[in-house]
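Trainee: I should like to learn how to read the features of a model such as this one. May we go through it together?

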Amino acid sequence: INYVGVRLAGRLQVALTALKIGAILALVVLGFLFAGKRAASAQPFFPHSLSVGLLSGFLTAMVGALWAYDGWMDLTFAGSEIVNPQKNIPRALVGGTMTVGVIYLLANAVYFRVLPAEAVAAAQNVASETVRAFAGARAAAWITAAMVVSAFTTLNSSVLTGSRVPYAMARDGLFFRVADGINARHRTPAGAIAFQAVIACLMVLTGQFEDLFSLFIFAQWIFYALAVGSVYGSRRKEPDLPRPYRAWGYPVVPGIFVAGAFALTVNLFIQRPVRSVIGLLLILAGLPFYRHWTRASSAARDVARG
């Protein structure tokens, strides 16, 4: 779909997103209207006291939540194809994140209204278990089908935006040449999409879904922290550089973000050391390649200059 055209992929994304949001809102409305009072939970909703173990558990649980929100920055990958990016990118980022946040909170409100905390924690598909509790197995099957559509929607948006990164790097001589080039007929980064597909298939063979998204979150949030931390260096080294985007609450807000990202990645390393080491090795493995491509790109520019 993404290979044959960005417009087709975009229209499909809009249609499937509307279907996904409709299914979640239907679950929310029906849950509040027809669900009875849930059984009492053996665990208190709020802890009696704070501890290091509680903080570690909270950060571990945040991995799944951050996976749900992680599409907040995918739009920036396709920034060169967005009309009026100075206005539309911030609007889309803020509006999209707020919309997802509201829907996420509404869905969780229904889950905890219908199911005790123990059942929510143990459920493989908490949305289906919630619907099963007040509407039966047949309705739960429909919700499961909607979750499959939801996963497909997420995959489509990730392919649409994610392929733009290796394409841009290859175009600048900083990545494998196979990811470079635009399909003459479809006007899409065909090589990058194919490269991404091959890598994704290989990753699927290496572990279960939870292992993969834990590895992804660990590696991704290292770069989030580095990207936000670079704001400090940029302001110090290039104070007069034009900045169409402003860092609200600087320097406090970026500092809070970097500290939170650091705590998350350190805790995830402790909880999942093997997967985290693999993630670090993958990151470090890119350094010699980047150095080689940087030198080659610099040499090519020197030759072009004569």
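Mentor: Let us begin with Glu129, which counts as partly exposed because its relative accessibility is 33%. The classes are these: buried means under 20% relative accessible area, exposed over 50%, and partly exposed in between (1.4 Å probe, protein chains only). Please note that the model is predicted: local features need pLDDT of at least 70, side-chain atom pairs count only at pLDDT 80 or more, and totals for chains, interfaces and linings use all residues. Residues are numbered from 1 along each chain as its sequence is written, and side-chain values use heavy atoms, with hydrogens and water left out.

Trainee: With which residue does the side chain of Glu129 meet in a salt bridge?

Mentor: In general, side chains of opposite charge can pair when their charged atoms come close. The criterion for a salt bridge is a side-chain nitrogen of Lys or Arg within 4 Å of a carboxyl oxygen of Asp or Glu. Here the partner of Glu129 is Arg132, at 3.7 Å, N to O. Arg132 and Glu129 are separated by about one helical turn because they are three residues apart in helix 5 (residues 126–135). Helices are DSSP runs (H or I, at least four residues), numbered from the N terminus. Arg132 is also partly exposed, with a relative accessible area of 39%.

Trainee: How many salt bridges does a search of the whole structure find?

Mentor: The search finds two. Besides the pair in helix 5, the side chains of Asp172 and Arg171 meet in a salt bridge, again listed as 3.7 Å, N to O. Asp172 is partly exposed at 44% relative accessibility, and Arg171 is partly exposed at 48%.

Trainee: Is Thr161 buried or exposed?

Mentor: Thr161 counts as buried because its relative accessibility is 9%. Thr161 is placed in helix 6 (residues 137–162). A polar atom of its side chain lies 2.9 Å from the backbone oxygen of Ser157. Leaving aside residues up to four places away in sequence, Thr161 touches Asp74 and Phe77; contact means heavy atoms within 4.5 Å.

Trainee: How far apart in space are Ser51 and Met73?

Mentor: The two are 22 residues apart in sequence and 32 Å apart in space, C-alpha to C-alpha. Ser51 lies in the loop between helix 1 (6–34) and helix 2, and Ser51 is partly exposed at 43% relative accessibility.

Trainee: How should one describe an interface between domains?

Mentor: The size of an interface is often given as the accessible area lost when the parts come together. The domain assignment gives domain 1 (1–37 + 61–206) and domain 2 (207–298), with bounds from an automatic or database assignment. About 1800 Å² is buried between domain 1 and domain 2, and carbon and sulfur atoms give 73% of that area. Buried area is the accessible area (1.4 Å probe) that two parts lose on being put together, summed over both. In domain 1, Val63, Trp67 and Leu174 lose the most area to domain 2, together 31% of what that side buries.

Trainee: Which helices each supply at least two residues of the side of domain 1 that touches domain 2?

Mentor: They are helix 2 (52–69), helix 3 (85–114) and helix 8 (190–204). Helix 2 gives the largest share, five residues. By class, that side of domain 1 has 15 nonpolar, four polar and two charged residues. Ala, Val, Leu, Ile, Met, Phe, Trp, Tyr, Cys and Pro count as nonpolar, Asp, Glu, Lys and Arg as charged, and the others, Gly among them, as polar.

Key
A polar contact is a pair of N or O atoms within 3.5 Å; within protein, one must be able to donate a hydrogen and the other to accept it, and residues adjacent in sequence count only if both atoms are side-chain atoms.
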